[in-house]
Amino acid sequence: MTMWLAALLLAGADAPTMIVIDEAETMREEAPPHGAIGLSTAYRISDSIPAPRSFEFRKRALHVGAAIGVHPIDHDEIYYVLSGTGVVHSDGTEKELKSGMAAWLYSGAKVGIRQIGTEPLVLIIAYPNKTAK
């Protein structure tokens with residue numbers, strides 16, 4: 001969170017009309033969620049937005065051999081591929097994804113995605129925030 005935004009929130013001011021986030025400020029190296037399979041670079045972009053926020057917006061680079069493990073979801077979720085190649089999983093069905101492709105994953109499914117090939121799989125991941133209500 002930028003110092004400006006923190007000061008604004010502490011002062012009790014109304015929410016700003018816009019927040020601009022530099023992804024470099026949100027970047028961290030970590031194991032991917034749901035199984036810690038390999039390593040990834042996470043850009044937790046929406047974490048910079050104060051609550052309540054209506055959705056999550058993340059970027060993640062799955063390093064060679066890494067995966068977001070198969071897990072159940074209780075909301076629709078989108079994986080959009082910026083670069084690299086991966087295999088997306090939803091309830092036992094798998095499809096290859098490449099740059100410019102998106103997978104819309106439905107609530108109630110068990111989903112995951114793994115990197116394949118020689119370069120990282122870079123994704124945008126978006127889904128609703130449960131706490132926004």
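Tyr79 is found in strand β5 of this predicted model. At 1% relative accessibility, this tyrosine counts as buried, because the term applies to any residue under 20%. Leaving aside neighbours within four places in sequence, Tyr79 is in contact with Ile68, His71, Val88, Met101, Ala102, Ala103, Leu105, Val111, Gly112, Ile113, Ile124 and Ile125. One of these partners, Ile125, lies 46 residues away along the chain, yet the C-alpha atoms of Tyr79 and Ile125 are separated by 4.8 Å.

Tyr79 also belongs to the largest nonpolar core, which has 16 residues. Together with Leu62, Ile68, Val88, Leu105, Ile113 and Leu123, Tyr79 is among the members that touch the most others in this core. At least two core residues come from each of β5 (77–83), β8 (102–105), β9 (110–116) and β10 (121–128). The largest share is that of β10, with 3 residues. Such a grouping can be set beside a general tendency: in soluble globular proteins, nonpolar side chains tend to be buried together. Leu123 has contacts of its own beyond four places in sequence, and they include the charged-residue names Arg58, Lys59 and Arg60 as well as Leu62, Ile68, Tyr80, Val81 and Ile113.

The surroundings of Tyr79 can now be placed within the whole chain. The chain has 1 helix and 10 strands, and the helix comes ahead of the strands in the pattern α-β-β-β-β-β-β-β-β-β-β. Of its 133 residues, 38% count as buried. Among contacts between residues at least 6 apart in sequence, 58% join residues at least 24 apart.

The strands can be followed sheet by sheet. Strands of a sheet pair through backbone hydrogen bonds, either parallel or antiparallel. In one open sheet, 6 strands stand in the order β1-β2-β3-β10-β5-β8, and the pairing is antiparallel. The edges of this sheet are β1 (27–30) and β8; each has a single partner strand, so one side of each is left without a neighbour in the sheet. On average, neighbouring strands here are turned by 20° against each other, direction ignored.

Several pairings within this sheet can be traced residue by residue. At one edge, β1 is joined by 4 bridges to the antiparallel strand β2 (residues 40–43), and Arg28 stands opposite Ala42 in β2. Strand β5, which holds Tyr79, pairs with β10 in the antiparallel sense over 5 bridges. In that pairing, Ile78 stands opposite Ala126 in β10. Strand β5 is also joined to β8, by 4 bridges and again in the antiparallel sense. There, Glu77 stands opposite Leu105 in β8.

A further open sheet has 4 strands in the order β4-β9-β6-β7, with antiparallel pairing. Its edge strands, β4 and β7 (93–98), each pair on one side only. Neighbouring strands of this sheet are likewise turned by 20° against each other on average, direction ignored. Strand β6 (residues 85–90) pairs with β7 in the antiparallel sense over 6 bridges. The bridge partner of Val88 in β7 is Lys95, while Val88 is also one of the contacts of Tyr79.

Attention may next turn to the open space in the model. Rolling a probe the size of a water molecule over the atoms shows where empty space is left. The largest pocket contains about 320 Å³ of space. Its lining comprises 19 residues, and those nearest the centre are Pro33, His34, Glu77, Ile125 and Tyr127. Two or more lining residues are given by each of β2, β3 (55–62), β4 (67–72), β5 and β10. Two of the central lining residues have appeared above: Glu77 as the residue opposite Leu105, and Ile125 as a contact of Tyr79.

Some backbone details in the loops complete the account. In the loop between β1 and β2 lies Ala36, which has a positive phi of about 50° although it is not a glycine. The loop between β2 and β3 contains Pro52, and a cis peptide bond with omega of about -5° joins Ala51 to Pro52. In the loop between β6 and β7 lies Asp91, whose phi is near 50°, a positive value in a residue other than glycine. Asp91 is exposed, because its relative accessible area of 51% is over the 50% cut-off.

Methods:
Residues numbered from 1 in each chain as written. Predicted model: local features only at pLDDT ≥ 70, side-chain atom pairs only at ≥ 80, totals over all residues. Heavy atoms only, no water. Core = buried A, V, L, I, M, F, W, Y, C linked by side-chain atoms within 4.5 Å. Buried < 20%, exposed > 50% of the residue type's maximum accessible area, 1.4 Å probe, protein only. Contact = heavy atoms within 4.5 Å. Pairing = 2+ DSSP bridges. Axes fitted to C-alpha atoms, helices over the stretch in contact; angles between N-to-C directions. 1 Å grid on protein atoms, 1.4 Å probe; cavity = no way out; pocket = protein on both sides within 12 Å on 5 of 7 lines; lining within 4 Å. Points joined across faces, edges and corners; volume = space filled by probe spheres on them.
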